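Please read the following report with the sequence and the 3D view side by side, and look up each residue as it is named.

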Amino acid sequence: MDKEVTTRLFFLGLLAAEDRVRVVEAVIGTLEAGLRDFEAAGIAAGSFPVPDALTAIAKYQFRTLELGLHFHRSMLSWFQSLLREMKEEEGLA
């Protein structure tokens, strides 16, 4: 998703203000859905016991989940801030 999002962001200035807002709102929706998926996966994963022989493997699988959560939360916060800024600048707030 990150390459697609950065490409959209890079060319956002070519669009009309209302279209820019719609694109950013769509990105936010996608990030929110991804975050929900990662949160659900974390809840599900936490409910299974990990056998001792798989502890090292599970550690990095959980860390991957943490990274996904961090990525989506960070990107979501950044794009929400961008959307507020855009709406204020364009008088769309």
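Is R63 buried, partly exposed or exposed? In this predicted model, R63 has a relative accessible area of 49% and is partly exposed, because the exposed class begins over 50%.

**Salt bridges**

R63 also takes part in a salt bridge with E66, in which the closest N and O atoms are 3.0 Å apart. E66 is itself partly exposed, at 43% relative accessibility, and the two residues lie three residues apart in helix 3, a separation of about one helical turn. The structure holds six salt bridges, and three of them are listed here, including the one just described.

| Salt bridge | Closest N to O |
|---|---|
| R22 and D19 | 2.4 Å |
| E25 and K87 | 3.5 Å |
| E66 and R63 | 3.0 Å |

R22 and D19 both belong to helix 2, where they are three residues apart, or about one turn of the helix. R22 is partly exposed at 49% relative accessible area, and D19 is partly exposed at 30%. The salt bridge between E25 and K87 joins two elements: E25 lies in helix 2 and K87 in helix 3, so the pair ties together parts that are 62 residues apart in sequence. Here, too, both partners are partly exposed, E25 with a relative accessible area of 35% and K87 with 24%.

**Aromatic pairs**

The count of aromatic pairs comes to two. In one of them, the ring centres of F10 and F11 are 4.9 Å apart and the planes stand at 80 degrees, so the pair is edge-to-face. F10 is exposed, with 67% relative accessible area, whereas F11 is partly exposed at 44%. W78 and F79 also form an edge-to-face pair, with 5.0 Å from centre to centre and 75 degrees between the planes. W78 is partly exposed at 45%, but F79 is buried, with a relative accessibility of 3%.

**Core and surface**

F79 appears again in the largest nonpolar core, which has 16 residues, and among these V24, I28, L31, F79 and M86 touch the most other members. Helix 2 (17-46) and helix 3 (55-90) are the elements that give two or more residues to this core, and helix 3 gives the most, with eight residues.

On the surface, V50, L54, I57 and F62 make a nonpolar patch of about 310 Å². V50 lies in the loop between helix 2 and helix 3, and its relative accessibility of 36% counts as partly exposed.

Note on methods. Residues numbered from 1 in each chain as written. Predicted model: local features only at pLDDT ≥ 70, side-chain atom pairs only at ≥ 80, totals over all residues. Heavy atoms only, no water. Phe/Tyr/Trp six-rings, centres within 6.5 Å; stacked < 30°, edge-to-face > 60°. Buried < 20%, exposed > 50% of the residue type's maximum accessible area, 1.4 Å probe, protein only. Core = buried A, V, L, I, M, F, W, Y, C linked by side-chain atoms within 4.5 Å. Helix = DSSP H or I, 4+ residues; strand = E, 2+ residues; numbered from the N terminus. Patch = residues over 30% accessible without salt bridge, like charges linked within 9 Å, V, L, I, M, F, W, Y side chains within 5 Å. Areas by Shrake-Rupley, 256 points an atom, 1.4 Å probe, with all protein chains shown as cover. Salt bridge = Lys/Arg side-chain N within 4 Å of Asp/Glu carboxyl O.
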